[in-house]
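Trainee: Got a few minutes to walk me through a model? I'd like to start with the sheet and finish with the pocket.

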Amino acid sequence: MSAPIRLGFCGGGWVVRNCYAPALERCSRRLPVTAIVEPNATHWPSLRILFPEAEIAATREALFSGLVDAVIVASPNASHLDDAVATLEAGLPCLVEKPVLRNSADLGRLRRAASRGRVALLASAACRHRADARSWLEFCSKIAPLRRLDLVWHRHRGVPATDWHLAASDGWTGVLADLGPHLIDLAGAALGWQCDGLLLRRRTAFVPSFAAPAGWYGGGATGEMTVCDQFAAEITLAGCSLTLSVRWRDDEPGDLVRLEAMGDRGRGCLEGLFGFSGERRVAHQRLMTTTGGIGAVQDFAPGTAPQIAGFAAMLDNFATRCREGWSEAPDLAFLARVGDALTAVEA
C-alpha cells in the first residue's frame, strides 16, 4: 500500500469546509490534512474541528516548511494563480480550485512553474467526476463526432454573497469565473479536448445593481455588485457549435443544470442540478438518450451526495497524479484557449 500523502490547503473557506472536508472522510488515510493556511482567523475554530491534526497558519510559507507533500489551492479566486505558482515552485504537487486560469498567459506561468519542479498540476474538476456526468460523457463518445453542445447552469437566486466574490478582479470573479469553468471543462472532455477552428460568435454579460444572495451559501445581503451575474456565449470549435449559459440570477424559479449533446449517431441530455443548492427546478437527476431512434432514460440520485462523491473521486485521481509527477494536461490547454476567446468579458 502506498504511503499517505500529507495534504495542505491554501485557503480554508466555504469550499474546503463544505466540499473537501466531507470528501476527505472517504480517503483520509491516504490524504491526511496536516496544514492549512487561512488568513481569516474567524475560520480557524471550524477548521480545527474538521481537521484536528492540522497546523493552521496565516501565511502560505507554512506549507513549504516540510509539513505537507501536496497542496490544494482554495484561496479566493484572485489569489489562485500566485498561490499555485508559489506551490509548484516549492516543488509541491498542486490541485487548484476553479478557476485555475483565465487565459494562455496564465497557463504559461503555471507550465513554467510545474515543469521546473517536475510536479503534478491539476485543475479542480469535481463535476466531471460525478457519476451522472461520467455517464453523459461516455454517451457523448458513442455519438461522436459531436455537432452541438448546449450547456446551462442557471440559479434562481444564487449569488455567493462574500466580499471577494462580488469585487471586480480582472476576470477572476463573477458568474463566468464561478460556474463557467465547470461547463467549459465538461465541454472539453466531451470533445476530447480538441479546440481547432475556435471562433467566438457571440457573448453577452449583464452586471446588475443588486441581487439577493444564495441562502445555502451563508452570505448576507449584497451591496452594489460590480461583477456580471449572467453570461452567455456561442463558440464554434472542433466542428461543434457550443452554447454556454451561466446565471447566478434567473427569473424562472429553481436552479438547473442541463447538458445537451447532439452528434452524428444520436443525442443525449443530462438534466438536474450540480452543486449544493436545494432550490431545484426539476426533481429528477436524469440522463435521456436517443440512438438509432431508440430512447433510454437513466436516473441518478439527486442532492449533494453525488457532488461530494465527485470531489472524493477527484482527490483519488490527485493522489495518483502526485506520484506520477509533471505531465502536460490537455484540460488546462483547453481552458486557456477558450479563456482567450472570452477574454476581457469581466475585466
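Trainee: Over how many bridges do E2 and E3 pair?

Mentor: First, a caveat: this is a predicted model, where local features need pLDDT of at least 70 and side-chain atom pairs count only at pLDDT 80 or more, while totals for chains, interfaces and linings use all residues. Residues are numbered from 1 along each chain as its sequence is written, and side-chain values use heavy atoms, with hydrogens and water left out. Strands here are DSSP runs of E with at least two residues, helices are runs of H or I with at least four, and both are numbered from the N terminus; two strands pair if DSSP finds at least two bridges between them. Ala 35 stands opposite Glu 55 in E3, and E2 and E3 run parallel, with a bridge count of three.

Trainee: Which residue in E2 is the bridge partner of Gly 8?

Mentor: Look at E1 and E2, which pair in the parallel sense over four bridges. Gly 8 has its E2 bridge partner in Ala 35.

Trainee: Which strands stand at the edges of the sheet?

Mentor: The sheet is open, with six strands in the order E3-E2-E1-E4-E5-E6 and parallel pairing. An edge strand has a single partner, so one side of it is left without a neighbour in the sheet. That applies to E3 (55-57) and E6 (121-123).

Trainee: Why is E2 largely enclosed by the rest of the structure?

Mentor: Buried means under 20% relative accessible area, exposed means over 50%, and partly exposed is in between (1.4 Å probe, protein chains only). E2 covers residues 33-37, and it is largely enclosed because the buried ones number five of the five.

Trainee: Which helix gives the most to the largest nonpolar core?

Mentor: A nonpolar core is a set of buried Ala, Val, Leu, Ile, Met, Phe, Trp, Tyr and Cys residues joined through side-chain atoms within 4.5 Å. The largest one has 78 residues, with Trp 136 and Leu 149 making the most contacts inside it. Eight of its residues come from residues 175-190, which is helix H6.

Trainee: And which helix gives the most to the lining of the largest pocket?

Mentor: On a 1 Å grid over the protein atoms alone, a pocket is an open set of points where a 1.4 Å probe fits, with protein on both sides within 12 Å along at least five of seven lines; lining residues have an atom within 4 Å of a point. This pocket is lined by 43 residues, and Trp 14 and His 165 are among those nearest its centre. With four lining residues, the top contributor is H1.
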